[in-house]
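Q: Please explain how an enclosed space and a strand pairing are to be read in a model of this kind.

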Amino acid sequence: MARVISIGEKDGAEAAIAAAVAVLGSRRPVAIPTETVYGLAADATDPAAITSIYETKGRPRFNPLICHMADLAMAERYAVFDPLSRRLAEAFWPGPLTLVLPLKTNSGIHALATAGLDSVGIRVPVGFTAELIRSFGRPLAAPSANSSGRISPTTAQHVEADLGSKIEIIVDGGPCPVGVESTILKIEENEIRLLRPGGVAVEEIEAVTGRTVQRPKASGTAAIEAPGMLASHYAPNASVRLNAKAVSEGEALIAFGSDDISGATMAKAVFNLSRGGDLAEAASNLFDYLKRADASGASGIAVQSIPNDGLGEAINDRLMRAAAPRNSEG
Ligand code: TXA
Ligand code: MG
């Protein structure tokens with residue numbers, strides 16, 4: 001079983017960095033806390049290390065990984081920044097934003113991390129993981145620390161329950177404050193294209209840049225642009241029913257806001273993402289409540305409608321994937 005090292009304890013962060021650097025140096029992955037979700041991290045320059053991420057997750061290898069950097073200066077050693085991408089990096093890093101950028105030739109990032117593309121998804125995370133990368137000295141490729149196709153983990157306990165028997169250490173940084181994965185953007189022909197909604201709201205990106213963010217034209221476009229974005233993802237065992245106006249027999253309820261919904265008192269379990277209607281609070285609770293609703297033994301999970309502005313766009317994106325017909329994407 002994995003050893004869980006809490007960074008909340010005295011000298012915990014130093015101990016966790018030392019232990020993680022040792023495991024990473026032996027070409028194996030470690031589970032790490034980020035502000036979005038827990039990541040399963042390994043040396044992005046080492047094919048054996050990257051292979052162990054894919055194997056641990058059971059992840060298809062055509063799905064490229066995000067490479068995490070300690071800071072913008074480190075990122076510039078691996079990728080080519082156009083002025084708009086640099087502006088976005090300066091505004092939102094460290095933070096829940098991934099930029100897809102042209103890879104520098106001989107960057108050292110292994111083709112297994114980028115799935116052979118000539119671009120690379122890069123992000124600078126907040127806090128512990130940036131410190132870990134600085135100590136390790138190389139970028140860390142890290143998808144979410146869950147088996148392929150399952151709900152992303154937002155606590156160390158989620159990681160332990162899913163991958164605990166397959167990895168050596170889990171660094172416990174407490175619950176992830178953002179709770180949904182990073183927003184992925186790509187600049188093309190001087191336009192900002194949204195490849196995945198996430199922890200930075202589109203409105204914030206538009207406010208900082210004074211530009212309109214281009215969303216995928218038709219459903220399915222994003223699946224081609226960001227290969228990991230196939231429909232079914234975040235799949236609980238129970239079926240998921242969106243925009244529920246009432247709870248049916250045998251269902252658990254994931255509520256939002258303070259309105260009562262009929263049948264709620266008969267629900268197998270009730271979780272409210274945010275009674276006050278706060279979308280950031282809802283995002284931070286989303287994956288934990290999906291897992292708990294699923295574990296309640298309910299046959300289905302009814303989810304109340306959630307506004308689509310701000311972080312609501314990422315929340316609804318993840319819910320639609322949870323509700324989609326199943327495949328083994330992840
Ligand atoms: O918040 C996050 O982004 C988390 C934490 C751990 O940092 N990571 C994460 O990674 O969500 P993952 O592997 O679950 O999602 C990576 C996404 C995939 O949809 C993949 O297709 C896309 O990033 N991606 C990575 N590199 C890309 C590239 N060069 N071009 C297009 N899409 C890329
Ligand atoms: Mg994932």
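A: Domain bounds come from an automatic or database domain assignment. This is a predicted model, in which local features need pLDDT of at least 70, side-chain atom pairs count only at pLDDT 80 or more, and totals for chains, interfaces and linings use all residues. Residues are numbered from 1 along each chain as its sequence is written.

Q: Where does the largest cavity lie with respect to domain 1 and domain 2?

A: Rolling a probe the size of a water molecule over the atoms shows where empty space is left. A cavity is a set of points, on a 1 Å grid over the protein atoms alone, where a 1.4 Å probe fits but cannot get out; its lining residues have an atom within 4 Å of a point. Here the largest cavity lies between domain 1 (3-214) and domain 2 (239-328), because both give residues to its lining. Among these lining residues are Thr-183, Leu-194, Glu-313 and Ala-314.

Q: Which strands pair with S3?

A: Strands (E, at least two residues) are DSSP runs, numbered from the N terminus, and two of them pair if DSSP finds at least two bridges between them. Strand S2 (residues 30-32) pairs with S3 in the antiparallel sense over 3 bridges, with Ile-32 opposite Gly-39, and a hairpin of 6 residues joins S2 to S3. Strand S7 (residues 140-141) is also antiparallel to S3, over 2 bridges; there Ala-141 is the bridge partner of Ala-42.

Q: How many residues of strand S3 are buried?

A: Buried means under 20% relative accessible area (1.4 Å probe, protein chains only). In S3 (residues 39-43), 5 of 5 residues are buried.

How values were computed:
Chains are lettered from A and ligands numbered from 1 in the order in which they are written. Side-chain values use heavy atoms; hydrogens and water are left out. On a 1 Å grid over the protein atoms alone, a cavity is a set of points where a 1.4 Å probe fits but cannot get out, and a pocket is an open set with protein on both sides within 12 Å along at least five of seven lines; lining residues have an atom within 4 Å of a point. Buried means under 20% relative accessible area, exposed over 50%, partly exposed in between (1.4 Å probe, protein chains only). Helices (H or I, at least four residues) and strands (E, at least two) are DSSP runs, numbered from the N terminus.
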